[in-house]
Amino acid sequence: MKKTTHNNLIKFRNMTKADIIAEISTKTGIEKVDVQETVEAFFKVIKNNMIAGENVYVRGFGSFVVKKRAQKTARNISKNTAIIIPEHFVPSFKPAKVFVDKVKNSSKKAKVQA
């Protein structure tokens, strides 16, 4: 997300994958096509490893972990019946403490400047 200030209000703009690729290309001087292939390969490695049940740890950034959800009973309110949702696995991201601290500190600075 990029911050923009207007009339002392801080607005956050969402970044897309295309924006990330363009920024990396600009900062490194590498062609956008090459950056795109690298970014796509990075995401593919993470997805494939998580599908295989493996966690991916990126030091200083965070962890892509597979979490197990236990079996539970839920209600189908339209039919007024109980249904059982079997145990399943979901992908999750846990940011590194260093990363969280930097984000917290940057938002504090932004509030002070506003």
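The legends below describe an overview and several close-up views of a predicted model.

Residue numbers start at 1 in each chain and follow the written sequence, and side-chain values rest on heavy atoms, with hydrogens and water left out. In this predicted model local features need pLDDT of at least 70 and side-chain atom pairs count only at pLDDT 80 or more, while totals for chains, interfaces and linings use all residues.

**Figure 1. Overview of the helices and strands of the protein.** The protein has 3 helices and 7 strands. Helices (H or I, at least four residues) and strands (E, at least two) are DSSP runs, numbered from the N terminus. Read from the N terminus, the order of elements is β-β-α-α-β-β-β-β-β-α. Of the 114 residues, 13% are buried. Here buried means under 20% relative accessible area, exposed means over 50%, and partly exposed lies in between (1.4 Å probe, protein chains only). The protein exposes about 9,600 Å², of which carbon and sulfur atoms supply 57%. Accessible areas come from the Shrake-Rupley method with a 1.4 Å probe, and for residues only the protein chains shown count as cover. Among contacts with a separation of 6 or more, 28% join residues 24 or more positions apart; contact means heavy atoms within 4.5 Å.

**Figure 2. Salt bridge between K27 and E23 in helix α1.** The closest N and O atoms of K27 and E23 are 3.1 Å apart. A salt bridge is a side-chain nitrogen of Lys or Arg within 4 Å of a carboxyl oxygen of Asp or Glu, and the structure holds 4 of them. Side chains of opposite charge can pair when their charged atoms come close. K27 and E23 are 4 residues apart, about one turn of the helix. K27 is exposed, with a relative accessible area of 66%, whereas E23 is partly exposed at 26%.

**Figure 3. Surroundings of S25 in helix α1.** S25 belongs to the helix spanning residues 17-28. S25 counts as buried because its relative accessibility is 11%. With neighbours within four places in sequence set aside, S25 is in contact with I30, E31, K32 and V35.

**Figure 4. Salt bridge between E87 and K68.** The N to O distance between these side chains is 3.5 Å. The pair links distant parts of the chain, 19 residues apart: E87 sits in the loop between β6 (81-85) and β7, and K68 in strand β4. E87 is partly exposed, at 45% relative accessibility, and K68 is exposed, at 52%.

**Figure 5. Salt bridge between K97 and D101 in helix α3.** The closest N and O atoms of K97 and D101 lie 3.2 Å apart. About one helical turn separates the two residues, because they are 4 residues apart in helix α3 (residues 97-113). K97 is exposed, with a relative accessible area of 63%; D101 is partly exposed, at 28% relative accessibility.

**Figure 6. Positive surface patch of K67, R69, K72 and K94.** Patches are made of residues with over 30% relative accessible area and no salt bridge; like charges are joined within 9 Å, and nonpolar side chains (Val, Leu, Ile, Met, Phe, Trp, Tyr) within 5 Å. Lys and Arg count as positive and Asp and Glu as negative, while His and the chain ends are not counted. The place of a charge is taken as NZ of Lys, CZ of Arg, CG of Asp or CD of Glu. One of the patch residues, R69, lies in strand β4 (residues 62-69). R69 is partly exposed, with 40% relative accessibility.

**Figure 7. Contacts of S92 in strand β7.** The strand holding S92 covers residues 88-95. S92 has a relative accessible area of 19% and is therefore buried. Not counting residues up to four places away in sequence, S92 touches M50, S63, F64, V65 and K67.

**Figure 8. N55 in the loop between α2 and β3.** The loop containing N55 joins α2 (32-51) and β3 (56-58). N55 is partly exposed, at a relative accessible area of 32%. Apart from neighbours within four places in sequence, N55 is in contact with F64, V65 and V66. The C-alpha atoms of N55 and F93 are 9.9 Å apart, with their positions 38 residues apart in sequence.

**Figure 9. Backbone at N80.** N80 is in the loop between β5 (72-76) and β6. Phi of N80 is near 55 degrees, a positive value in a residue other than glycine. Most residues other than glycine have a negative phi. N80 is exposed, at 58% relative accessibility.
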